[in-house]
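Colleague: I'd like a close look at a single part of this one, please. Could you take me through the sheet with parallel pairing, and then put it in the setting of the whole chain?

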Amino acid sequence: MAKQEQPGLLIVEIGGVRGVLEGHVELLKKHFHLITMKEFLKKKERLSEKIKSVLIYECRPVIDRELLQSLPHLKVIANSGVGVDHLDLKLISSFGVKVTNTPHAVSDSTADIGMALMLASARRLVEGCQIAVSPQTEHFAADWLGDEVTGATLGIIGMGSIGYKVAKRAKAFEMKILYHNRNQRKEEEEQAVGARYCEKMEDLLQQSDFVILVVNLTPQTHKLIGKRELELMKPTATLINISRGAVVDHDALVEALQNGIIKAAALDVTNPEPLPRDHPLLKLKNIIITPHIGTATVQATRMMTEEAVANIQAVLNGLPIPSEVIPQ
Ligand SMILES: O=C(O)[C@H](O)CO
């Protein structure tokens, strides 16, 4: 019997910052015949009929009308990661192509980064580290004190799977938990972690010592946090962003941090990434910025690839899709 040909999976490249991790290639090869974008562009005529799925690794914007037109048998674009703001969902769906993402794989590692940023900011870890390693340091004494998160109020904006994992961690730190969700109250999660729902985001902003952003980037959440929202926050409060940079108005944030409207910020995401090297946010002392490393763990990246494979297989075999993204 002739060996059945593996379905062709188009990926951007292998390795480097845009590519599928080298360590995951074997796993993918078990299920698919891998075709890199470079190979595809060279042999478009021959390969376009063979490709049924595309794997987008992290948030690389490579899907446009021209590519979609050149893949007549494409069934699914599997996004490795939860955020799909880099994809034009309506355009993709108009080609009859499904989009999937990996919300389960990313939730623990991204929630961990949220906690890490909160703790690092509260205890001024980066400044402390600089004192400890500076050649100028003669004795270990900082002329400042940090804050404890125990007993403080954490406001979670966006109680999805990552927001809930943040809440579970915050409960273990004995924090008071508030949350706001645009559409849906999450009563089960509320009870499990003892969180209080704020129907109005304004109430959460006014009451929280730490505000963490865990929403998807959509036209509704673009610049969700601007001058007005920052002014509602306590002057002693810290803003943490682990969602997408564009959820926060950066000019308003610079102003708020410079003028003591809020105490500090800790961002794993900015707009753009990276920020231009002369951006005013990079010059402030009361900010911590990390380079979008929410999912940058061995475990999460592996699970992301596995979850993407499961999604693709479900689409190709006409089975229920574990994580389909439906255009709103
Ligand atoms: O969306 C996600 O899952 C992360 O930000 C990685 O891109």
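Modeller: Here is that sheet, followed by its surroundings. A word on the source before that: this is a predicted model, where local features need pLDDT of at least 70 and side-chain atom pairs count only at pLDDT 80 or more, while totals for chains, interfaces and linings use all residues. Residues are numbered from 1 along each chain as its sequence is written, and side-chain values use heavy atoms, with hydrogens and water left out.

Your sheet is an open one of 7 strands, running E8-E7-E6-E9-E10-E11-E12 with parallel pairing. (Strands are DSSP runs of E with at least two residues, helices are runs of H or I with at least four, and both are numbered from the N terminus; two strands pair if DSSP finds at least two bridges between them.) At the edges stand E8 (195-197) and E12 (287-289); each has a single partner strand, so one side of each is left without a neighbour in the sheet. On average, neighbouring strands here are turned by 15° against each other, direction ignored. Such angles use lines fitted to C-alpha atoms, for helices over the stretch in contact, and run from 0 to 180 degrees between N-to-C directions.

Zoom in on E6 (residues 153-157) and E9 (residues 210-213): they pair in the parallel sense over 4 bridges, and Ile157 sits opposite Leu213 in E9. Helix H12 (residues 250-258) packs on the sheet, where H12 touches E10 (238-241), E11 (264-267) and E12, and its direction makes about 140° with that of E11. Contact here means heavy atoms within 4.5 Å.

As for records, an unreviewed UniProt entry annotates residues 115-294 as "domain: D-isomer specific 2-hydroxyacid dehydrogenase NAD-binding". UniProt positions are given in the numbering used here, feature names are shortened, and annotations may be inferred rather than shown by experiment. In the model, the end C-alpha atoms of residues 115-294 lie 11 Å apart, and the span is 32% helix and 16% strand.

Stepping back, the chain has 13 helices and 13 strands. There is another open sheet, with 6 strands in the order E2-E1-E3-E4-E5-E13 and mixed pairing. Its edge strands are E2 (33-36) and E13 (324-325), each pairing on one side only. Helix H13 (residues 298-316) packs on this sheet, touching E1 (8-11), E3, E4 and E5 (98-100). Along its principal axes, the C-alpha trace of the chain spans about 75 × 50 × 35 Å.
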